[in-house]
Amino acid sequence: MILSLLNQIEEALQVIQNSTKIKPEIGIVLGTGLGSLVEEISDKVILEYKNIPHFQLSTVESHEGKLHIGKLASKNVIVMQGRFHFYEGYTMQQITFPIRLMKKLGVKTLIISNAAGGLNPEYKKGDIMIIKDHINLLGDNPLIGHNEDSLGPRFPDMSEPFSKKLIKLSEQIAFDKKIKTHTGVFTAISGPTLETRAEYKFLRAVGTDAVGMSTVPEVIVAVHMSMDVVGFSIITDECDPEKLQVLKLEDVVNVANSTEPKLREIIKSLISQI
Ligand code: HPA
């Protein structure tokens, strides 16, 4: 028998609540190369995805597959070290299940991060982009199918998927810490192929500042459930169609790793002020 979404959430909830008394209020999804933020979480329990009902396994090497629940910057947080991607063959509902669970646990704010290609010619490798809006080119949507009205509306409004207040706060924090950031539009494509030169031209022409293979499904589901969302892209490569270089995954991971300390500072300060 296929369990309803609500029953699936309930089963996962039981496992979490049996392992910790902490009630998280902030959820964090860590993208490629960004997982080391978890080192700073205190009083924590760590659950492997394989031990949580209805969680999938991260099949990508650069993604760990662990859920951390504990304290960061004096707030109760739940952190996904590693996420699921559409190109791994998971459904949109599977990819976004952890966000459903976070909401049920009491999370009101979602902080999400990714590694992305920079299309805006001003963006350089290692820059951070605060996401102000998104374009969904995944060819799917996690809300297709039966709508669970108790979780959110059939036709969720998308006029402000990323909280203007949290964008402003992030910009201010970065400015105070002298960390360079941009604020721009993120487009999600399915991958796993990188883009052709013609696709980069197309993506730029439609208003993309950074492109990646994640984030949009989780944001849609968070918005469906009225969560406040703030998102960050680390620009790991410069996608100038005229000067395109062959992209290696290790370069993406290296750039994300070396930029992570700056993003970590922004995120910690943000958490303390939410
Ligand atoms: N395209 C898509 N996804 C990416 C890229 C890119 O150029 N860089 C890092 N993730």
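Which residues lie nearest the centre of the largest pocket? I started my notebook with that one. Tyr 87, Leu 194, Met 213, Leu 249 and Val 252 lie nearest the centre, out of 28 residues that line the largest pocket. A reminder to myself before going on: this is a predicted model.

**Entry 1: the largest pocket**

I looked up the volume next, and the largest pocket holds about 450 Å³ of space. Then I sorted its lining by class and got 14 nonpolar, 10 polar and four charged residues. Four elements, E5, E8, E9 and H6, each give at least two residues to that lining. E5 has the largest share, with four residues.

**Entry 2: the ligand**

Where does the ligand sit? I found it in the largest pocket. I wrote down the residues around the ligand as I met them along the chain. Ala 115, Ala 116 and Gly 117 come up, then Leu 194, Glu 195 and Tyr 200. After those I noted Val 211, Gly 212 and Met 213, and finally Thr 236, Asp 237 and Cys 239. Leu 194 and Met 213 are on this list, and both also turned up among the residues nearest the centre of the pocket.

I checked which strands these belong to. Strand E5 (109-118), strand E8 (210-212) and strand E9 (228-238) each bring at least two residues to the shell around the ligand. E5 gives the most here, with three residues. By class, I have seven nonpolar, three polar and two charged residues in the shell.

**Entry 3: polar contacts with the ligand**

I went through three contacts one by one. Asp 237 has a polar side-chain atom 2.7 Å from a nitrogen atom of the ligand. In Tyr 200, an N or O atom of the side chain is 3.0 Å from an oxygen atom of the ligand. For Gly 117 the backbone does the job: one of its N or O atoms lies 3.3 Å from a ligand nitrogen. How much of the ligand does the protein bury? Taken alone, the ligand exposes 260 Å², and the protein buries 94% of that.

**Entry 4: the second largest pocket**

I moved on to the second largest pocket, which has a volume of about 380 Å³. Its lining is made of 20 residues, and nearest the centre I found Leu 5, Gln 8, Gln 93, Arg 100 and Pro 142. Helix H1 (5-19), helix H2 (92-105) and helix H5 (216-224) are the elements that give two or more residues to this lining. H2 gives the most, with five residues. My class tally for this pocket reads six nonpolar, 12 polar and two charged.

**Entry 5: a cavity**

How many cavities of 30 Å³ or more are there? I counted one. The largest cavity has about 40 Å³ of space in it. Its lining consists of Leu 30, Leu 34, Leu 37, Ser 113, Glu 260, Leu 263, Arg 264 and Ile 267. Helix H6 (residues 249-273) has the largest share of that lining, with four residues. H6 had already come up in my notes, as it also lines the largest pocket. Sorted by class, the cavity lining splits into five nonpolar, one polar and two charged residues.

**Entry 6: backbone oddities**

Two backbone spots went into my notes last. The peptide bond from Gly 191 to Pro 192 is cis, and its omega is near 0°. I placed Pro 192 in the loop between strand E7 (181-189) and helix H4 (197-205). What sign does phi have at Asp 43, positive or negative? It is positive, about 45°, although Asp 43 is not a glycine. I traced Asp 43 to strand E2 (residues 42-48).

Terms used:
Residues are numbered from 1 along each chain as its sequence is written. This is a predicted model: local features need pLDDT of at least 70, side-chain atom pairs count only at pLDDT 80 or more; totals for chains, interfaces and linings use all residues. Side-chain values use heavy atoms; hydrogens and water are left out. A residue is near a molecule or strand if one of its heavy atoms lies within 4 Å of it. A polar contact is a pair of N or O atoms within 3.5 Å; within protein, one must be able to donate a hydrogen and the other to accept it, and residues adjacent in sequence count only if both atoms are side-chain atoms. Accessible areas come from the Shrake-Rupley method with a 1.4 Å probe; for residues, only the protein chains shown count as cover. On a 1 Å grid over the protein atoms alone, a cavity is a set of points where a 1.4 Å probe fits but cannot get out, and a pocket is an open set with protein on both sides within 12 Å along at least five of seven lines; lining residues have an atom within 4 Å of a point. A molecule sits in a cavity or pocket if more than half of its atoms lie within 2 Å of its grid points. Ala, Val, Leu, Ile, Met, Phe, Trp, Tyr, Cys and Pro count as nonpolar, Asp, Glu, Lys and Arg as charged, and the others, Gly among them, as polar. Grid points are joined across faces, edges and corners, and a volume is the space filled by probe spheres set on the points.
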